[in-house]
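Here are my notebook entries from an afternoon of looking things up in one structure. Pull up the model and follow along with me.

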Amino acid sequence: MEAKDKFTLGLELPTDPRWVNIAETHLEDILVDHAYCEQKAASSCISLIVLYPEKDLLVERLSPIVAEEWSHFERVLAELRKRGWSLGRQRKDEYVEKLSRVIQKGGSREQQLMEKLLMNALIEARSCERFKILWKHIPDQELAEFYHELMISEAGHYKNFLQLAKEYMPEEVVMNRWHELLEQEAEIVKGLGLRGDRMH
């Protein structure tokens, strides 16, 4: 994984290069979907804190991420407004729905936590990869710079989730499960096909 570009974060399947060509003609849809992604990321961290309040390190590390993700939500809203667009309705997130189906249920409290943390890490990794594509290829320079900044931020979040999983489960167990999920995520992305109106 270290040998790969640090902003692909070990993903097994890169995004189809044609995605950005479709996305750049649907920037309003992309920004609306992105706003909800940031909102859900903040909510997911809050949920983990509420479920595991006794885990001090988790609370300490996720609390600032909640604030950062909500700040990203507000900034995406600002980008929408700048362009005369408003926040539309939330769309069905097939990517996250399908990911949640491969997350293992049951097991110990720590195993359940590991699954939740790895799912969050995976979503951040794919978001980071998509932000990199938008940064490098969209002609809107202001928006490209915005996505460059967010790409770096999401990479940091991905590492936080992965490191936290290793705090509560043995590293070998975490990494074995991580690689299984990477393979499953690649199949999900392959099955979803190309959509320019979604961030994932």
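**Entry 1: H2 against H5**

Which residues in H2 meet which residues in H5? I began here, keeping in mind that this is a predicted model. From H2 I noted Ile30, His34, Glu38, Ala41, Ser44, Leu48 and Leu51. Their partners in H5 are Arg109, Leu113, Lys116, Leu117, Asn120, Glu124, Phe131 and Leu134.

Next I looked up how the two helices lie. H2 covers residues 27–51, and its axis is 12 Å from that of H5, at an angle of about 155°. Angles over 145 degrees count as roughly antiparallel, so H2 and H5 get that label. I also wrote down that their crossing is left-handed.

**Entry 2: H5 against H7**

I stayed with H5, which spans residues 109–137, and turned to its packing with H7. The angle here is about 50° and the axes are 10 Å apart. H5 and H7 are therefore oblique to each other. The crossing of this pair is right-handed. On the H5 side, the contact is made by Met114, Glu115, Leu118, Ala121, Leu122, Arg126 and Arg130. On the H7 side, I listed Val173, Val174, Arg177, Trp178, Leu181, Leu182, Glu185 and Val189.

**Entry 3: H6 against H7**

How do the axes of H6 and H7 cross? They cross at roughly 135° and come within 8 Å. That makes H6 and H7 oblique as well, because the angle falls outside the parallel, antiparallel and perpendicular ranges. The H6 residues here are Tyr158, Leu162, Ala165 and Lys166. They meet Glu171, Val174, Met175 and Trp178 in H7.

**Entry 4: Aromatic pairs**

I then searched the whole structure for aromatic pairs and got 4. One of them joins tryptophan 70 and phenylalanine 73, a tilted pair with 4.6 Å from centre to centre and 40° between the planes. Both residues lie in helix H3 (residues 56–82), 3 residues apart, or about one turn of the helix.

Are these two rings buried or exposed? Phenylalanine 73 is buried, with a relative accessible area of 7%. Tryptophan 70 has 38% relative accessibility, so I put it down as partly exposed.

Tyrosine 158 and tryptophan 178 make another tilted pair, with 5.8 Å between centres and 45° between planes. This pair links distant parts of the chain, 20 residues apart: tyrosine 158 sits in helix H6 (residues 141–168) and tryptophan 178 in helix H7 (residues 171–192). Both of these residues are buried. I had already met them in Entry 3, where Tyr158 and Trp178 appear among the residues that bring H6 and H7 together.

I also found Phe131, Phe146 and Tyr147 linked into a cluster by ring pairs. Phe131 is familiar from Entry 1, as one of the H5 residues that meet H2.

**Entry 5: Charges over rings**

Where does the charged end of arginine 130 sit? I found it over the ring of tryptophan 19, 4.8 Å from the ring centre. Arg130 is also among the H5 residues in the contact with H7. For lysine 136, the charged end sits over the ring of tryptophan 135, with 4.8 Å to the centre.

**Entry 6: Single residues**

I looked up tyrosine 95 first, and it is in helix H4. With a relative accessible area of 2%, tyrosine 95 is buried. Leaving out residues up to four places away in sequence, tyrosine 95 touches Leu122, Ile123, Arg126, Glu185, Ile188, Val189, Leu192 and His200. Tyrosine 95 and leucine 11 are 84 residues apart in sequence, with 15 Å between their C-alpha atoms.

Aspartate 93 came next, in the loop between H3 and helix H4 (94–102). Its relative accessibility is 14%, so it counts as buried. With the same neighbours in sequence left out, aspartate 93 touches Lys40 and His200. His200 is also on the contact list of tyrosine 95. From aspartate 93 to tryptophan 70, 23 residues apart along the chain, the C-alpha atoms are separated by 19 Å.

My last lookup was glycine 191, in helix H7. At 64% relative accessibility, glycine 191 counts as exposed. Cysteine 37 is 154 residues from glycine 191 in sequence and 20 Å from it in space, C-alpha to C-alpha.

How values were computed: Residues numbered from 1 in each chain as written. Predicted model: local features only at pLDDT ≥ 70, side-chain atom pairs only at ≥ 80, totals over all residues. Heavy atoms only, no water. Phe/Tyr/Trp six-rings, centres within 6.5 Å; stacked < 30°, edge-to-face > 60°. Helix = DSSP H or I, 4+ residues; strand = E, 2+ residues; numbered from the N terminus. Buried < 20%, exposed > 50% of the residue type's maximum accessible area, 1.4 Å probe, protein only. Lys NZ or Arg CZ within 6 Å of the ring centre and 35° of its normal. Axes fitted to C-alpha atoms, helices over the stretch in contact; angles between N-to-C directions. Parallel < 35°, antiparallel > 145°, perpendicular 65-115°, else oblique. Left-handed = near helix turned anticlockwise from the far one by under 90°. Contact = heavy atoms within 4.5 Å.
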